[in-house]
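Ready to work through two chain-to-chain interfaces, one step at a time? Have a look at the model first, then try each exercise before reading its solution.

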Amino acid sequence: MTWRIQGASGAWEAVMGLEVHAQILTVSKLFSSAACAFGAEANAQVNLLDAALPGTLPVCNDHAVTQAVRTALALSATVHETSVFERKNYFYADLPLGYQISQYQQPLATEGELEVEGEDGTRRIGIERLHMEQDAGKSVHDMHDSASFVDLNRAGVPLMEIVSCPDLRGPKEAASYLRRLRALLRTLGTCDGNMNEGSLRCDINLSVRRVGDTELGTRTETKNVNSVRFVVQAIEREAARQVAVLEEGGVIVQETRLFDPNKGESRSMRSKEEAHDYRYFPDPDLLPLVLRAEWIEQQRASLPELPQARARRFEETFGLAPSAAWLLSEEPDNAEYFEALICGGRDPVRCANWLVTNLFSALNESGIEIADSPVSPDELGVLLDLVEQDKLSGRQAKEVFEEMWQGGKSATEIVKARGLEQISDADTLRAAVELALNDNPEQVEDFLSGRNEKVAGWFVGQVMKATGGKANPQLANRLVQEALAKRKS
Amino acid sequence: MDTSTVKKVASLARLRVKEEEITTIAQELQAILGLVDQLAKVKIDNTAPMTTPSAGKTPLRPDAIEANASRVQILENAPQSEEGFFVVPKVVE
Amino acid sequence: MHSDLSSFSATAGLQELRNGSFTPSEWLESFVARIEACGELNLYISDTTETARESATQALSRYQDKTARPLEGLPIAIKDIFCTKAIRTTAGSKFLSNFVPPYESTVTARLQEAGAIVLGKTNLDEFAMGSSTEHSAFGATHNPWSHPDKPLVPGGSSGGSAAAVAARAAPVALGTDTGGSVRQPASFCGVMGFKPTYGRLSRHGVIAYASSLDQPGIFARSLADVELLYRTAAGHDPLDSTSAVCSVDAASSPLPNLSGVKIGVPREYHTKDLDGEIESVWQQGAETLRQLGAEVEEISLPHTEAALAAYYVIAPAEASSNLARYDGVRYGLRAEGDHKSLDAMYEASRSLGFGKEVQRRILIGTYVLSAGYYDAYYNRARRVRALVAQDFAKAFERVDYVLAPATPSAAFPLGAEATADPTWMYQQDIFTVPVSLAGLPALSLPAQLNKAGLPLGLQLIAPAFGERELFAAAALFNEALDFKAVPPGLVASGANR
């Protein structure tokens, strides 16, 4: 269902594009050899160039280039053999050079796409461009009443700016775009996708227009929307705000807005409204970035299986439902866990269901990443095998899993310690059934006379009670039916 | 080059021009533009722009950490620093 | 007789050190004495006499141990735009008057690793922007050829280095050449000034003026010295992305004559401002080359005048961006006071720290890059730059070298510029700027004194990376020019050795 904003005067649609800044996974910065690790002491990861010492010069990091190229190729973008680093000139306390080295007129890659799942089903969203640039440092404003504190650890960290076309039409679609982009980056290993640490940041360009209009409205840019949930929130709020302004006869001011995650609202950044004139020009300290066509092709050929292809494979090869297939494909670690689990020939659908319903909720509740799961795929496999061999019921398996989660013990150990193992031995159960029938002649009579055929189920219950719930229910049922039939004849 | 342009450009360049000097500066800049206006007379056809005399491509360095300055060195020339940070007048936003 | 030792060239002096005729300390002291004697010329911003003395002592032990390196004990002067570790580096600016770099530039490191000893950091136009060394926060440098009552400029921006070599306050010196900042002061001071091909000498550690034009250069009184320093300092530097990858050629070998060599004389360099005496020195230079066996022919460099315009767009544009880092946050000057905002602090600090000429060029550079003017100025200038480079490329299809004056006039009086509009000074760069735009190697050689007794220089320009051939041809030319004059104050202490 196409997303609409219902105004007082009719229906509106939103037109959106996302600009994502993804930190390229490297050990050193884009143009200096300082470390990029998160969480260091202020200004402890700063080389002379990062502090813009006079006379220092940039030299480009080859791995950052490879990472960006692989990302662009995974987004089916055209990677240009020649791209140019330019200077974007502006003054800010955490921009030591007084310019940001970025790419402008000749970016690394253009014209890619990403398939999303949203309000209108599956759609391809265009990627306008992907380019490399340096991050700025960080200004801390709350350490002092009249001063700001500047930390340059982030200054020079390599970023990819990935700009979508204005193809997005709804919050679900935008959320899917961000989620799928993140999954792609993590699968490629080109960005850790950690939105809390700022490795992945998102700005939203949004305008609204009446349904049926073809002209684009004036857009605003909402910055600092750093989670999938906030993307949905920010879009809903901003679209509603714009519609309200327009319906009251107002005009949308082209402006930059800052999203406040605490309030779930954005506000205008008036200070940014001063006309910027970035005076881009090719950085004369760097020469054009030139990549060989064969090298680009090598990178393309060596791309790993991407999340969407993997989800498709899980659906087609293993018969998983689309939602489970995506959940297991989105994170490379999920897929790895799943494939390790099924590799012993276990039923993929059952395994998938188990992961999605039990393991993922346990991970969520305890806030643990799957890679750090206390229950390994091998250990979980043993548990699922017990279920498969009818040694445990589904309910028992869950209990055992919960104990496994606490750590230390294997499924077999827990089953043994708790005496949980299901009785699936026909002779043992047959004896229990005979005992139940002999102890309850009235109920047998009810069955034989045809007064109450449902009494068979009651006998199964008696058997379960007698075995402390350990009887295999299917087998007990069959044996009760057999024993009753025998008495009938 | 009028005085309002001088003000705008000075503000972009973060230079403070004194009110009483603006006219002189505007004249000086105008004289320089007079010199560079010869550019307009050149027949450039389809000549591709030249950014640098270097013909090659930008070299790439291996992705390795090599610290070339300590935290102390980074901060020692700073006019104002505190607790390992550079300190500037409060930025509002 | 220490002062006498200051007349030795680098090559000759090093030979004497090897022979044991005098010690590195003795040689050093001769320059220390000269620096003192030349105090009024204001050659150096900082001297490093104390550390130099220690180095000279160590140099002696190396000679004694027979572990002396190629430049062991050679005193050198360094333009104060090369970052020198633990030695204040100002770029001639108030903004950096207290800046002590924690690192060493590649070029100065290479020379010191070869045994050279730093005498001090020479004066310059602030951030290398100027042609007179008057635009220095540390006062103007005077040309050693000046009459005491009528001081002349040494040229610029590397005026301190050029004047120091002329005044024997250093045997050799480093400069930087962006639009002529080595060749023009060399010409004004009667010494040799060499600007290599762009990319030959690393820019790492050289405080930037205009990145696509800046190139370290060398001042000396002997061609052998120029080549010695060049070959020691040149070569690929992984810390400079624009550093040329091709290796530095073997030393030049002497030529018997210049037969078969073609020299081009550009028609467009006969400008209306060209001083008559220079015109005639230029003609005589061409005649000298002919006598050495070269063929001299007229060539055309049609975009010569436009080159000046392109330069005064491109250089300020790059400068406006290169100088944005001087914001008073991480180093350098911060204006006192209670700043209402970050921008107020920037404006106050930059306006206080930068001199007039620097501010002027930042304003022009900002303007030509700003929206609405970008295509008409910056982009058009880059296209003209390409045409200038093509002019030379076409010329070098026909000739091996280009012979041109280095400057349109001899050294001008101190203060002359202040009375003229800023473009008068810019016009002085007409013969040096095209070479810079094209990134070519060029050598400015002292040719003759004019009637007023001031030196006049000629430039020999070669194709890119043609340094080796340039040195070979220049050796014969220089010998034939036979420029022996020394500044008036040095006449008594004899000829250069």
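**Exercise 1.** How many residues do chain A and chain C each bring to their contact?

*Solution.* Chain A puts in 29 residues and chain C puts in 39, where contact means heavy atoms within 4.5 Å. A quick note before we go on: this is a predicted model, so local features need pLDDT of at least 70 and side-chain atom pairs count only at pLDDT 80 or more, while totals for chains, interfaces and linings use all residues. Residues are numbered from 1 along each chain as its sequence is written, chains are lettered from A in the order in which they are written, and side-chain values use heavy atoms, with hydrogens and water left out.

**Exercise 2.** Work out what area chain A and chain C bury, and which three residues of chain A supply the most.

*Solution.* Start with the total: about 2,700 Å² is buried, 59% of it from carbon and sulfur atoms. Buried area is the accessible area (1.4 Å probe) that two parts lose on being put together, summed over both. Next, pick out the residues: A:P54, A:F91 and A:R279 supply 23% of what chain A buries against chain C, more than any other three residues.

**Exercise 3.** Find the salt bridge between chain A and chain C, then describe chain A's side.

*Solution.* The rule finds 1 salt bridge here (a side-chain nitrogen of Lys or Arg within 4 Å of a carboxyl oxygen of Asp or Glu). Its partners are C:R203 and A:D285, at 3.1 Å from N to O. Now for the elements: β6 (85-89) and β17 (281-282) of chain A each give two or more residues to the side touching chain C (strands are DSSP runs of E, at least two residues, numbered from the N terminus).

**Exercise 4.** Turn to chain B and chain C: what do they share?

*Solution.* First the contact, with 47 residues of chain B and 62 of chain C. Then the area: about 4,900 Å², 66% of it on carbon and sulfur atoms. In chain B, the residues losing the most area to chain C are B:R14, B:L39 and B:M50, together 14% of what that side buries.

**Exercise 5.** How many salt bridges link chain B and chain C, and which element gives the largest share of chain B's side?

*Solution.* The rule finds 2 salt bridges. One of them joins C:R360 to B:E28, with the closest N and O atoms 3.1 Å apart. As for the element, α2(B) gives the largest share of the side touching chain C, 8 residues (helices are DSSP runs of H or I, at least four residues).
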